[in-house]
Amino acid sequence: MGIVSEQAVDEFQELIDKVEEPLKTTFKNVHQGYLRETLIRFLKARDWNVIKAHTMLVECLRWRVDNQIDSILSKPIVPSELYRDVRDSQLIGMSGYTREGLPVFAIGVGLSTFDKASVHYYVQSHIQINEYRDRVLLPSVSKKNGGPITTCVKVLDMTGLKLSALSQIKLVTIISTIDDLNYPEKTNTYYVVNAPYIFSACWKVVKPLLQERTRKKVHVLSGCGKDELLKIMDYTSLPHFCRRGSSGSSHHTQSVDCFSIDHPFHQQLYNYVKHHYETQGQAEPAKQGSFHVGFPEPVAERVEMAKTIESKLHKFANCNDLSKPVDDRKASP
């Protein structure tokens with residue numbers, strides 16, 4: 001539904017105005033002063049059904065309270081060596097902004113191994129990035145823009161995607177479910193780049209399972225996607241893996257690698273979390289357990305997609321050319 005229903009927004013606001021503490025307090029961290037835009041996001045996620053959107057938002061707020069999400073930006077992953085391990089195996093970073101001011105998040109789907117820490121640390125790291133985006137980055141860029149900017153774009157690097165991805169499906173499903181239920185409609189567009197044939201094969205069977213609004217957000221670009229991405233962002237905001245025609249994430253110098261712990265985004269995020277921990281009057285802990293978050297039950301759509309991908313990967317288990325770029329094969333994307 002492309003046209004905003006003013007009546008639905010008004011009805012939704014009347015319902016949400018009735019929520020009591022502590023839900024009301026955590027909701028402030030969700031909307032950051034952009035109440036209308038937040039209500040619209042949840043309405044879109046539930047096809048503009050006010051009752052379903054209200055239920056979704058209240059469950060989100062309860063999840064935040066039950067899991068102390070408001071305090072997650074004061075819970076550093078320590079020691080620093082562990083945080084480096086997480087960053088080296090959960091490849092995500094922010095490379096810059098589009099010309100419209102939307103943050104550009106880069107995700108190394110194919111080369112993320114998720115094998116250097118427990119699942120709880122990866123979930124903690126993912127939520128911290130979400131919260132830092134929503135509570136620090138987006139309010140800041142909105143202020144500079146003079147109007148609300150409440151979404152981002154994501155560039156997904158499929159370099160290195162292999163059958164070993166089977167072992168990561170469960171964790172990826174957990175993370176994507178957390179996003180679906182608690183951070184809905186935060187991504188404006190997904191750009192897929194450096195896609196090998198294995199992605200193309202899986203995409204064919206997954207695409208029909210997606211809702212139409214989600215399908216429209218996904219753009220599979222040719223090669224590294226540089227030419228298409230330069231239409232919406234400057235070269236300096238291109239993720240490092242999009243700056244060469246056929247090179248992957250690991251072929252670039254660390255100075256431009258937005259996945260690196262030494263990249264300004266990760267340094268700013270880590271220092272922000274560390275500072276907020278220390279303002280509680282405590283020294284940085286030498287060791288700390290992971291910040292455990294309750295994992296919501298995957299939505300039916302995610303479960304079906306995971307099963308479909310797993311089945312497809314198993315069927316291709318005996319193929320030897322699945323990691324070749326789509327452009328190198330004659331199969332249609």
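Before I begin, one term: two residues are in contact when they have heavy atoms within 4.5 Å of each other. Please also keep in mind that what I am showing is a predicted model.

Let me start with the chain as a whole. The protein chain has 333 residues, and buried residues make up 50% of them. Its secondary structure comes to 12 helices and five strands. If we take the contacts with a separation of 6 or more, 79% of them are accounted for by residues 24 or more positions apart.

I will now turn to helix 2, which runs over residues 23–31, and ask which of its residues are buried. They are Leu23, Thr26, Phe27, Val30 and His31. Because these residues cover an arc of only 135° around the axis, they lie on the same side of helix 2. It may help to recall that an α-helix has 3.6 residues a turn, so residues three or four places apart point the same way. And what covers these buried residues of helix 2? The cover includes helix 1, which is 6–16, together with helix 3 and helix 4.

One residue on the helix 3 side lets us see this in detail. Thr38 has its place in helix 3, and, leaving aside its neighbours within four places in sequence, Thr38 is in contact with Phe27, Val30 and His31. Thr38 has a relative accessible area of 4%, and it is therefore buried, since the cut-off for that word is under 20%.

Next comes the pair formed by helix 3, residues 35–45, and helix 4, residues 50–66, whose axes come within 8 Å and cross at roughly 115°. That angle is why we call helix 3 roughly perpendicular to helix 4. The crossing of the two helices is right-handed. On the helix 3 side, the contact is made by Leu39, Phe42, Leu43 and Ala45, while helix 4 brings Val50, Ala53, Met56, Leu57 and Cys60. If we sort the residues of this contact by character, nine are nonpolar, and there are no polar and no charged ones.

A residue from much later in the sequence also belongs in this part of the picture. Asn182 has its place in helix 7, residues 169–182, and, with its neighbours within four places in sequence left aside, Asn182 is in contact with Phe42, Cys60 and Trp63. Asn182 and Val30 are 152 residues apart along the chain, and yet their C-alpha atoms are separated by 9.5 Å. Asn182 counts as buried, at 6% relative accessibility.

Finally, I would like to look at the backbone in the loops. Most residues other than glycine have a negative phi, and most peptide bonds are trans. Where, then, is Gln32, which has a positive phi of about 50° although it is not a glycine? Gln32 is found in the loop between helix 2 and helix 3, and it is partly exposed, with a relative accessible area of 25%. Trp48 is also not a glycine, and its phi is positive at about 65°. Trp48 is found in the loop between helix 3 and helix 4, and it is buried, with a relative accessible area of 11%.

As for the peptide bonds, a cis bond with omega of about 0° joins Glu21 and Pro22, and Pro22 is found in the loop between helix 1 and helix 2. A cis peptide bond, with omega about 0°, joins Val78 and Pro79, and here Pro79 has its place in the loop between helix 4 and helix 5.

Notes. Residues numbered from 1 in each chain as written. Predicted model: local features only at pLDDT ≥ 70, side-chain atom pairs only at ≥ 80, totals over all residues. Heavy atoms only, no water. Axes fitted to C-alpha atoms, helices over the stretch in contact; angles between N-to-C directions. Helix = DSSP H or I, 4+ residues; strand = E, 2+ residues; numbered from the N terminus. Parallel < 35°, antiparallel > 145°, perpendicular 65-115°, else oblique. Left-handed = near helix turned anticlockwise from the far one by under 90°. Nonpolar A, V, L, I, M, F, W, Y, C, P; charged D, E, K, R; others polar. Buried < 20%, exposed > 50% of the residue type's maximum accessible area, 1.4 Å probe, protein only. Arc of directions from axis to C-beta.
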